[in-house]
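Welcome! Let's look at a protein together and ask how each label we give its parts is earned.

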Amino acid sequence: ATSAPTPQQPRSVIRITIWVHGTIMVARGLAPYYYRDFPGLTHINSVVDTVGEDKHRFCAVAKTLSTNFPHKFPYNSFYFFGWSGQLSEVARQKAGRDLYESVSMLYAETASQPDSPRVKITVITHSHGGNVTLSMARWDREMYPSNSMDDDDTAVAVDGGGVVAVARRQPTFTVAKLILLACPILDDWKHEAADAMFPCIYSLYSRTDLTQWMGSTWFAGNNRNFPQTPNLIQSFVDLRTHIAFCKDPFLRRLHTIISNLKQQQHKQQSVALTTTTTTTTTATTTTATTTT
């Protein structure tokens with residue numbers, strides 16, 4: 001007799017959260033609570049061990065998110081990515097490459113664990129930290145150009161009445177969820193949001209945030225929104241300042257806001273599908289009657 005095959009056990013899921021800060025507008029020494037040096041990708045425990053839990057703003061960010069949403073942002077797999085914070089395209093590109101190399105290594109190490117877990121990376125960015133993160137897609141294409149698929153297989157981004165085609169490809173890793181908080185819209189980088197590295201993006205902004213507006217490319221035509229793509233949900237939130245996106249009152253609501261936006265999108269998709277089905281049925285009926 002042949003024994004029944006043993007059902008495969010579901011793969012475990014490891015959730016990793018990475019926080020990427022934005023531009024540093026003051027001397028680090030004047031605000032060590034916010035900008036104490038931790039260059040590169042650093043685990044939360046290393047920050048706590050170095051400066052103490054109450055001596056760095058990042059510790060408060062990690063604690064707030066993991067306490068309120070422990071299953072989505074687990075504390076033991078929370079990382080902070082530090083970069084120069086200079087208001088410079090060169091600095092952001094360098095930081096993007098450093099982030100890309102660090103996340104790529106972390107992803108590979110985690111995925112190669114004995115039970116081959118599924119790795120779900122969430123990157124939360126503030127301000128130009130978003131553009132640092134988006135630049136990872138360009139670095140991945142430059143490092144592995146052979147991963148791109150045929151030119152005919154493209155993603156389409158709608159931009160001011162026109163379309164921008166971004167080649168679909170197989171990135172070396174994916175960021176399961178990218179949350180952009182008050183990210184300035186840069187003409188040279190905004191279309192990276194359509195890259196396959198980022199299957200799900202949420203971009204949140206405030207209509208009264210002058211810092212985001214001033215940090216965007218002014219002649220781009222839209223200083224708040226990215227070109228719309230299927231993987232992107234954009235929404236304004238009722239905050240008055242740029243830094244409010246990093247404060248506890250907002251962070252305590254962050255995942256709830258994301259969940260609500262996702263539910264709204266599903267409802268809209270259901271309505272659109274129902275409307276399309278109804279229209280198709282009506283059109284078919286009309287045609288049939290006319291033919292008869």
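Q: Where does Ser-116 lie, and what should I know about the model first?
A: Ser-116 is located in the loop between H4 and strand S4 (118-126). Please keep in mind that this is a predicted model.

Q: What makes Ser-116 count as partly exposed?
A: Its relative accessibility is 38%. Buried would need a value under 20% and exposed one over 50%, so Ser-116 falls in between and is partly exposed.

Q: What is notable about the phi of Ser-116?
A: The phi of Ser-116 is near 50 degrees, which is a positive value in a residue other than glycine. For background, most residues other than glycine have a negative phi.

Q: Where is Ser-127, and what is its phi?
A: Ser-127 sits in the loop between S4 and H5. Its phi is near 55 degrees, again positive in a residue other than glycine.

Q: Why is Ser-127 called buried or exposed?
A: The relative accessibility of Ser-127 is 6%. The cut-off for buried is under 20%, so Ser-127 is buried.

Q: How do you know that Arg-57 and Asp-248 meet in a salt bridge?
A: Their side chains come to 3.0 Å, N to O. The limit is 4 Å between a side-chain nitrogen of Lys or Arg and a carboxyl oxygen of Asp or Glu, so this pair qualifies. Arg-57 belongs to helix H3 (residues 57-68) and Asp-248 to helix H7 (residues 248-251), so the salt bridge ties together parts that are 191 residues apart in sequence.

Q: What makes Arg-57 buried and Asp-248 partly exposed?
A: Arg-57 has 10% relative accessibility, which is under 20%, so the label is buried. Asp-248 has a relative accessible area of 23%, which lies between 20% and 50%, so the label is partly exposed.

Q: Why is the pair of Glu-89 and Arg-92 called a salt bridge?
A: The N to O distance between these side chains is 3.2 Å. That is within 4 Å, so the pair passes. Both residues lie in helix H4 (residues 89-111), three residues apart, about one turn of the helix. Glu-89 is partly exposed at 27%, while Arg-92 is buried at 9%.

Q: How do you know that Glu-192 forms a salt bridge with Arg-138?
A: The closest N and O atoms of the two are 3.1 Å apart. The cut-off is 4 Å, so they form a salt bridge. This pair links distant parts of the chain, 54 residues apart: Glu-192 is in the loop between strand S7 (177-181) and strand S8 (201-205), and Arg-138 is in helix H5 (residues 129-143). Glu-192 is buried, with a relative accessible area of 5%, whereas Arg-138 is partly exposed at 27%.

Q: Which residues are linked in a network of salt bridges, and how many salt bridges are there?
A: The network links Arg-138, Arg-141, Glu-192 and Asp-195. The count for the structure comes to eight salt bridges.

Q: What makes us say that Arg-138 lies over the face of Trp-189?
A: Arg-138 is at 3.8 Å from the ring centre. One part of the rule asks for a distance within 6 Å, and this value meets it. Another example is Arg-207, whose charged end sits over the ring of Phe-236, 3.5 Å from its centre.

Q: How many aromatic pairs are there, and why is the pair of Phe-69 and Phe-73 called edge-to-face?
A: A search of the whole structure finds six aromatic pairs. The rings of Phe-69 and Phe-73 have centres 6.1 Å apart, within the 6.5 Å limit, and planes at 85 degrees, over the 60 needed, so this pair is edge-to-face. Phe-69 is buried at 11%, and Phe-73 is buried at 3%.

Q: What makes the pair of Phe-245 and Phe-250 edge-to-face?
A: Their ring centres are 5.3 Å apart and their planes are at 70 degrees, which is over 60, so the pair is edge-to-face. Phe-245 is buried, with a relative accessible area of 0%, and Phe-250 is buried at 1%.

Key. Residues numbered from 1 in each chain as written. Predicted model: local features only at pLDDT ≥ 70, side-chain atom pairs only at ≥ 80, totals over all residues. Heavy atoms only, no water. Helix = DSSP H or I, 4+ residues; strand = E, 2+ residues; numbered from the N terminus. Buried < 20%, exposed > 50% of the residue type's maximum accessible area, 1.4 Å probe, protein only. Phe/Tyr/Trp six-rings, centres within 6.5 Å; stacked < 30°, edge-to-face > 60°. Lys NZ or Arg CZ within 6 Å of the ring centre and 35° of its normal.
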